[in-house]
Amino acid sequence: MPIRRFGGHRSLVSCSSTTRLSYGYTRKMNISRSGYRVFTANSSTACTELAKKITERLGVELGKSVVYQESNSETRVDVKESVRGQDIFIIQTIPRDVNTAIMELLVMAYALKTSCAKNIIGVIPYFPYSKQCKMRKRGSIVCKLLASMLAKAGLTHIITMDLHQKEIQGFFNFPVDNLRASHFLIQYIQEQIPDYRNAVIVAKSPSAAKRAQSYAERLRLGLAVIHGEAQHSESDMADGRQSPPLSRVSTGHPGLQLPLLMAKEKPPISVVGDVGGRIAIIVDDIIDDVEDFVAAAEILKERGAYKIYVMATHGLLSAEAPTLIEESAIDEVVVTNTVPHEVQKLQCPKIRTVDVSLVLAEAIRRIHNGESMSYLFRNITVDD
C-alpha cells in the first residue's frame with residue numbers, strides 16, 4: 001500500500017479506494033455533461049410540428065416552456081425546467097410573421113443564457129432575411145444585423161439549411177452548419193416522378209444555374225437555363241423610370257468626367273437548352289412570390305415541355321401564391337417542411353411536402369456527442 005505525504009505527515013491511501021473515488025467522480029461528470037434539452041420558441045402550434053418530429057426521432061421529450069404574446073404584443077418566455085450546465089437546442093421555424101418569430105428566438109435564447117445553459121444551439125431551418133445579405137444603394141445588410149443580434153442574445157452555434165448565399169456564414173462569429181436538402185429532393189425525383197430519366201433540370205435564371213447544375217450532374221440529366229425577361233409595351237414602361245434626374249446648380253469644382261457606363265438591358269426571354277418532349281424540373285432554394293416560376297412554366301410549355309415540376313427547399317408561398325400555382329401550367333410544387341405551409345396545401349393540392357427532420361435530428365445528435373459533421377456533407381462540393 002503506497003505512502004503519500006501531506007504537509008509533512010505520512011498517510012496511507014488505498015489505490016483501490018482512490019480508483020473508486022476517481023471513477024465515481026468521472027462518472028458523475030459524464031452524467032452532468034451528457035444532458036441536453038430540445039426547446040421550441042414558437043408561440044404558434046402550427047410551427048411546432050417540425051420540432052415534434054425531430055424530438056420523436058431523437059427519442060426525447062420537447063422541453064417545457066411557455067412562449068406567448070402579451071396584450072401589448074410583447075413577447076414573454078417562461079422556461080419551466082432547469083437547464084443549468086446543459087446543451088440546449090432551440091428549434092425555430094419561421095412562419096409568415098417573421099419578426100415575431102425572430103423576437104421569440106432572441107428572448108428564448110437570452111432566457112436560457114441567464115439560466116446558465118452551457119451551450120445554446122439555434123436550429124433555424126429557414127434563416128430569415130437571408131435575401132438581404134448584400135448592400136443595395138442606401139439599404140443595409142439586415143442579415144448581418146440579425147447574426148449580431150443572435151450572438152448577443154446568447155447563441156453559440158446555428159444549424160440551418162440551404163442558406164440563400166453560402167457567404168452568409170461569414171456574418172457569424174460562431175460555428176454555422178449549413179445542411180442540404182438536396183438528398184431528399186433528389187430522392188423524391190427518383191421515386192415519385194415517373195420516367196424521370198426523360199427529364200431536364202431547369203434554372204429559372206442564370207443566378208440559379210449552379211444549383212441546377214448540381215442536381216443535373218447527380219441525376220445524370222440534361223440542363224436548361226431560362227434567360228431574359230418578358231418584354232413590355234412602351235405604354236407599360238412610361239412610368240418615369242427612364243426620366244432624367246433633376247438638374248441641380250452646383251458650385252465649386254465641376255468634378256471629374258468618368259466614362260459613361262451603359263445600363264443593363266435584358267434580352268427577350270429565351271430558353272438555353274432543349275426541353276421539347278421532356279419533363280421540366282425547375283429547382284431553386286426559395287419559392288415565395290411565384291410570378292417568376294409561373295412565367296418560367298409558361299415559356300417551358302411553349303418550348304414543348306409536357307410536364308413541369310418546381311422543387312425548392314423553403315416553401316414560403318406568400319400572398320396569392322397557392323392560387324397562382326393552381327391556375328398555372330405548373331403540375332406540382334415540391335417543398336420541404338422547413339417552413340409550415342399546411343394552409344397553403346389546403347388551398348392548392350399541387351403542393352407536396354418532403355420531410356427533412358431526419359437530417360436535423362442527426363445534426364443535433366452529432367453536435368451534442370461531439371461527433372464529426374462531415375458525414376452529413378459527404379459528396380457535397382464547395383460549389384454545391
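**Entry 1. Largest pocket**

I began with the lining of the largest pocket in this predicted model: α6 (209-219), β11 (222-227), β13 (279-287) and α8 (291-302) each contribute at least two residues to that lining. I then asked which element gives the largest share, and found that α8 does, with five residues. I recorded a volume of about 1400 Å³ for the largest pocket. I counted 42 lining residues, and I noted H164, S205, S207, A208 and D284 as those nearest the centre of the pocket. Sorted by class, the lining comprises 20 charged, 13 nonpolar and nine polar residues.

**Entry 2. Helix α6**

Since α6 is among the elements that line the largest pocket, I looked up its buried side next. I listed A209, A212, S214, Y215, A216 and L219 as the buried residues of α6. Which elements do these buried residues pack against? I found α5 (182-192), β10 (199-203), β11 and β13. Two of these partners, β11 and β13, also appear in my list for the pocket lining. Directly after α6 I noted R220, which has a positive phi near 60°.

**Entry 3. Largest cavity**

I searched the whole structure for cavities of 30 Å³ or more and obtained one. The largest cavity holds about 40 Å³ of space. I identified its lining as I94, I102, L105, I124, F127, P128, L146 and L150. α3 (98-114) and α4 (142-153) are the elements that give two or more residues to this lining. By class I recorded eight nonpolar residues in the lining of the largest cavity, with no polar and no charged ones.

**Entry 4. Positive phi in loops**

I noted as background that most residues other than glycine have a negative phi. I therefore looked up D162 and A319 individually, starting from that general expectation of a negative phi. D162, which is not a glycine, has a positive phi near 45°. I placed D162 in the loop between β8 (157-161) and β9 (176-179). Is D162 buried or exposed? I entered D162 as buried, because its relative accessibility is 6% and the cut-off for buried is under 20%.

A319, also not a glycine, has a positive phi of about 50°. I located A319 in the loop between β14 (307-315) and α9 (321-326). I entered A319 as exposed, because its relative accessibility is 56% and exposed begins over 50%.

**Entry 5. R76**

I found R76 in strand β5 (residues 75-79). Its relative accessibility of 38% makes R76 partly exposed. Apart from neighbours within four places in sequence, I listed V66, V67, Y68 and E70 as contacts of R76. With E70, I noted a polar contact of 2.4 Å between the two side chains. For V66, ten residues from R76 in sequence, I recorded a C-alpha to C-alpha distance of 8.0 Å.

**Entry 6. T55 and P349**

I looked up T55 and found it in helix α2 (residues 49-58). T55 is buried, because its relative accessibility is 5%. Leaving out neighbours within four places in sequence, I listed V38, V60 and L62 as the residues in contact with T55.

I placed P349 in the loop between α10 (342-347) and β16 (351-354). P349 counts as exposed, because its relative accessible area is 54%. I recorded 9.4 Å between the C-alpha atoms of P349 and V333, which are 16 residues apart along the chain.

**Entry 7. Whole chain and confidence**

I counted eleven helices and 16 strands in the chain. Of its 384 residues, 42% are buried. I also looked at contacts between residues at least 6 apart in sequence, and 67% of them join residues at least 24 apart.

I closed with confidence. The chain has an average pLDDT of 86, and 84% of the residues score at least 70. Residues 3-34 have a pLDDT below 50, and in the model this stretch makes 21 contacts beyond near neighbours in sequence. Residues 232-241 likewise have a pLDDT below 50, with three such contacts in the model. Where pLDDT is low, the predicted coordinates should not be read in detail.

Methods
Residues are numbered from 1 along each chain as its sequence is written. This is a predicted model: local features need pLDDT of at least 70, side-chain atom pairs count only at pLDDT 80 or more; totals for chains, interfaces and linings use all residues. Side-chain values use heavy atoms; hydrogens and water are left out. Helices (H or I, at least four residues) and strands (E, at least two) are DSSP runs, numbered from the N terminus. Buried means under 20% relative accessible area, exposed over 50%, partly exposed in between (1.4 Å probe, protein chains only). Contact means heavy atoms within 4.5 Å. A polar contact is a pair of N or O atoms within 3.5 Å; within protein, one must be able to donate a hydrogen and the other to accept it, and residues adjacent in sequence count only if both atoms are side-chain atoms. On a 1 Å grid over the protein atoms alone, a cavity is a set of points where a 1.4 Å probe fits but cannot get out, and a pocket is an open set with protein on both sides within 12 Å along at least five of seven lines; lining residues have an atom within 4 Å of a point. Grid points are joined across faces, edges and corners, and a volume is the space filled by probe spheres set on the points. Ala, Val, Leu, Ile, Met, Phe, Trp, Tyr, Cys and Pro count as nonpolar, Asp, Glu, Lys and Arg as charged, and the others, Gly among them, as polar. pLDDT is the predictor's confidence in each residue, from 0 to 100.
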